[in-house]
Number of protein chains: 2
Amino acid sequence: MRPGGRSARVRSAVIEAVLAELSGGGYEGLTVETVATRSGVHKATIYRRWGGVDGLVADALAHSAEAPWPIPDTGTLAGDLQEITRAVLIGFTDPHLGATATALINAALRSTQGARALAAFFAARLTQAAQVVTRAIDRGELPPGVDAVEVVRAATAPLYYRLFITDEPVDDDVANRAAAAAVAAARAGVFDTAMGEQQGNTGRKADELD
Amino acid sequence: MRPGGRSARVRSAVIEAVLAELSGGGYEGLTVETVATRSGVHKATIYRRWGGVDGLVADALAHSAEAPWPIPDTGTLAGDLQEITRAVLIGFTDPHLGATATALINAALRSTQGARALAAFFAARLTQAAQVVTRAIDRGELPPGVDAVEVVRAATAPLYYRLFITDEPVDDDVANRAAAAAVAAARAGVFDTAMGEQQGNTGRKADELD
C-alpha cells in the first residue's frame, strides 16, 4: 500500500475513528455504523475491506504494530528494561492515550481475529525489544545463549497480567520491580537456552513429569 | 446458602451447565436458553438469580474460587513454586478440563462483571498460594519483609501472559522457568517490601520520574 495514497488515507481515517470510538465507549460502543459516521467512509466500504468490527479491531492493532517504537539504549540491561516496562506502564495509564490502548487490547481479547492480531502485535514488539538483551550480551553483561525474547517477556508479563487479567493497579514500583526481576533471573541463568533445553531449570527432566 | 439445599442444587446444576456450554462452544455459544435447557432450571429462575450470561460467568468463577485448592509443601520455595506454576499449566492445558478453564477466563475477560469476578478469583488464589512464600521466610530461605503475594504473581504471570494475552505456547519448560525466575528475583531482593517502598529497585526515587 502506497503511503499517502487514497487507500492509505481511508485506512488512517477508519483506524482513527475506531480508536476514538474504543476510547469513548469501549468495545460495546464500537459498530461499523459509528466508525462510518466518524470517519466519513462508507459503511459498504468498511464491510468490504474490514469485514466488520473484529476486522477493524485487528487492523487497528496491526497499525499499532507497524508504528515505530523507540528502543531504549541507556547502557545497561537494567536501565533498558526499566525504560521498556515504564513505556508499557505509560502506554496504558497515560491520561490521554492510555484508555484507548487499554480498550484496544480488551477489544482484541474478545474475538479470534483480534486475538490473532494481538499475538502478531506482541511478536513484533517482543522481537524489537529483545535488542536490549542482545546488546547486553554483546557488552558482556549476560552470557551468550540467553533467550533474549524470554527476558523481555519476563520483564513485561507482570504488567500485562495486572492490567488485563487480575485488574490490579500498576505504577512505577510495579514497572521497576518487573524489570529488576527479569534482570535478576537472567543473571541467575534462568533464561539460558541450553539450560532450558537440556535439563530444565530444576535438574529434573521435563519428561519424567508427563 | 445451605450446602445440599435446593438453592445449592440449582446453583450446582446451572454452573455445571455453564461450564459444559463454555467448554463446547465458548462464550459465543453461551446463552441463558442453552444453560436452562442443559441444567433443567427455568429460564426465568436463571434471569432472576443471575441476571444473564455475564452473571452466570461471574458466578462460575466465584464457584471455582471457593473450591479447595491444594497448596504444595515440598520443603523448598523452588519446589513449591514449581508445583504452583505446573498446576496453572495443567489447569489450562489438561485435555479434559483445560478447555473449560480457558473458556471460563476468556468469557470473564469480556464483561465488567466477569472481570470483577476474575479479580476476586485471583485475589483469593494469590493469597492462598502466598503461604508457600511465608513458609520459605519461616524456614529462613528468604528474609522477612519479602512481599509474598508479589513472588507468586511473578511466578504465575508469565503463564497467564502467554495463555491469555499473547497466545503463545506453554509447557513444562515455561512453567519451570517462571518459577525459577521468581525464586532468583526473590533471592536477589527484588520483592523486598522495604526496598520497593524506600528507594525503588534501582536506587532512583520513584518520584523523581513522575
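**Exercise 1. Work out through which surface the copies meet, and how they are related.**

Start with the interface residues: 100% of those in chain A are also interface residues in chain B, so the copies meet through the same surface. Contact here means heavy atoms within 4.5 Å. Bear in mind that this is a predicted model, where local features need pLDDT of at least 70, side-chain atom pairs count only at pLDDT 80 or more, and totals for chains, interfaces and linings use all residues. Residues are numbered from 1 along each chain as its sequence is written, chains are lettered from A in the order in which they are written, and side-chain values use heavy atoms, with hydrogens and water left out.

Next, lay chain A on chain B: a turn of 180 degrees and a shift of 0.0 Å along the axis give an RMSD of 0.0 Å. The two copies are thus related as by a two-fold rotation axis. The fit is by least squares on the C-alpha atoms of residues with pLDDT of at least 70 in both copies.

**Exercise 2. Take stock of the contact between chain A and chain B.**

Count residues: chain A gives 43 and chain B gives 43. Then take the area: the two chains bury about 3800 Å² between them, 57% of it on carbon and sulfur atoms. In chain A, Tyr161(A), Ile165(A) and Arg177(A) lose the most area to chain B, together 18% of what that side buries. Buried area is the accessible area (1.4 Å probe) that two parts lose on being put together, summed over both.

**Exercise 3. Which residues have the most contacts inside the largest nonpolar core?**

The core has 139 residues, and the answer is Leu81(A), Val133(A) and Val133(B). Such a core joins buried Ala, Val, Leu, Ile, Met, Phe, Trp, Tyr and Cys through side-chain atoms within 4.5 Å, buried being under 20% relative accessible area (1.4 Å probe, protein chains only). Now zoom in on Val133(B): beyond four places in sequence, its contacts include Leu77(B), Leu142(B) and Val146(B).

**Exercise 4. Find the annotated DNA-binding region and check its helix content.**

An unreviewed UniProt entry puts the "DNA-binding region" at residues 31-50 of chain A; such annotations may be inferred rather than shown by experiment. This span is 80% helix and 0% strand, with its end C-alpha atoms 12 Å apart. Helices are DSSP runs (H or I, at least four residues), and strands are E runs of at least two.

Over in chain B, Arg38(B) sits in helix α2 (residues 32-39). Beyond four places in sequence, Arg38(B) touches Ala17(B), Ala20(B) and Glu21(B).

Key: Buried means under 20% relative accessible area, exposed over 50%, partly exposed in between (1.4 Å probe, protein chains only).
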